[in-house]
Structure formats: C-alpha cells, structure tokens
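Student: I should like a close look at one part of this protein. Please concentrate on the charged pairs and describe where they sit.

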Amino acid sequence: MSVHDDLTSVQRSLEDLLRALGRLEQGLGGDGGLELRRVRSDANHLRESVALLRETAPALARRTRPDTGPPLVPMSDAPYDSALWTDSDDEGLGAHQRRSP
C-alpha cells in the first residue's frame, strides 16, 4: 500500500469512529457525559492531525526516499590507530593501569 492509500484508510476509519460516536450519543440520550465528550474531542483531534499529515505526506515521502538523501560516506574496515585511545578511560572501569577509588 502507498502512503496515500494508508492515509485514506485511516481517514475512513476515523469517519466510521465519529459516526459510531454519534450513534452512541443518540443512544445515551445526548448526554454521554464527560467520557464521551473526551472521546469525541480526541477523535476530532485525530481527524485534524490526519488532515495535516495528508498535506505534508508528499514532502515526507520525497524526503525519505534513499535516492534523494545525502550521499553515503564509505567507512573503512581497517582497525583504528591504537594511538587514538592512549589516554582514554574505559567506561565504568576507570583509567588504564590506575586503581579505582
């Protein structure tokens, strides 16, 4: 599935959720209490977020393609020069040839 298809599926599911919440609200006599208002508010926020995501999805899809990213830098398999580690501390063990406090 493409990103567009996934977003359409999510949007359809959210619309189904909002319709089901409307039916539930009618079944409860219009007063579902604080909990139902929270669920409706959360569903509306999700719908707004998906709409924003739908607007930015083409740019995100272009940005995540491997052919449009920064060039890869080859890393050598040769070992590092041991002089790089001369005065370094081993994490959690302290300095080489020194006693721990």
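Tutor: The following account treats the salt bridges of this predicted model, after a short outline of the fold. The secondary structure consists of 2 helices and 2 strands, arranged α-α-β-β from the N terminus on. Of the 101 residues in the protein, 10% are buried.

Side chains of opposite charge can pair when their charged atoms come close. The structure contains 3 salt bridges. One of them joins Glu-15 to Arg-47, with the closest N and O atoms 3.6 Å apart. Because Glu-15 belongs to helix H1 (residues 3-27) and Arg-47 to helix H2, this pair ties together parts that are 32 residues apart in sequence. Glu-15 is partly exposed, at a relative accessible area of 25%, and Arg-47 is likewise partly exposed, at 34%.

Arg-40 and Glu-25 also meet through their side chains in a salt bridge, at 3.2 Å from N to O. Here Arg-40 lies in helix H2 and Glu-25 in helix H1, so the pair ties together parts 15 residues apart in sequence. The relative accessibility of Arg-40 is 24%, which counts as partly exposed; Glu-25 is partly exposed with a relative accessible area of 24%.

The pair of Arg-19 and Asp-16 forms a salt bridge whose closest N and O atoms are 2.2 Å apart. Both residues lie in helix H1, 3 residues apart, or about one turn of the helix. Arg-19 is partly exposed at 48% relative accessibility, and Asp-16 is partly exposed at 40%.

Key:
Residues are numbered from 1 along each chain as its sequence is written. This is a predicted model: local features need pLDDT of at least 70, side-chain atom pairs count only at pLDDT 80 or more; totals for chains, interfaces and linings use all residues. Side-chain values use heavy atoms; hydrogens and water are left out. Helices (H or I, at least four residues) and strands (E, at least two) are DSSP runs, numbered from the N terminus. Buried means under 20% relative accessible area, exposed over 50%, partly exposed in between (1.4 Å probe, protein chains only). A salt bridge is a side-chain nitrogen of Lys or Arg within 4 Å of a carboxyl oxygen of Asp or Glu.
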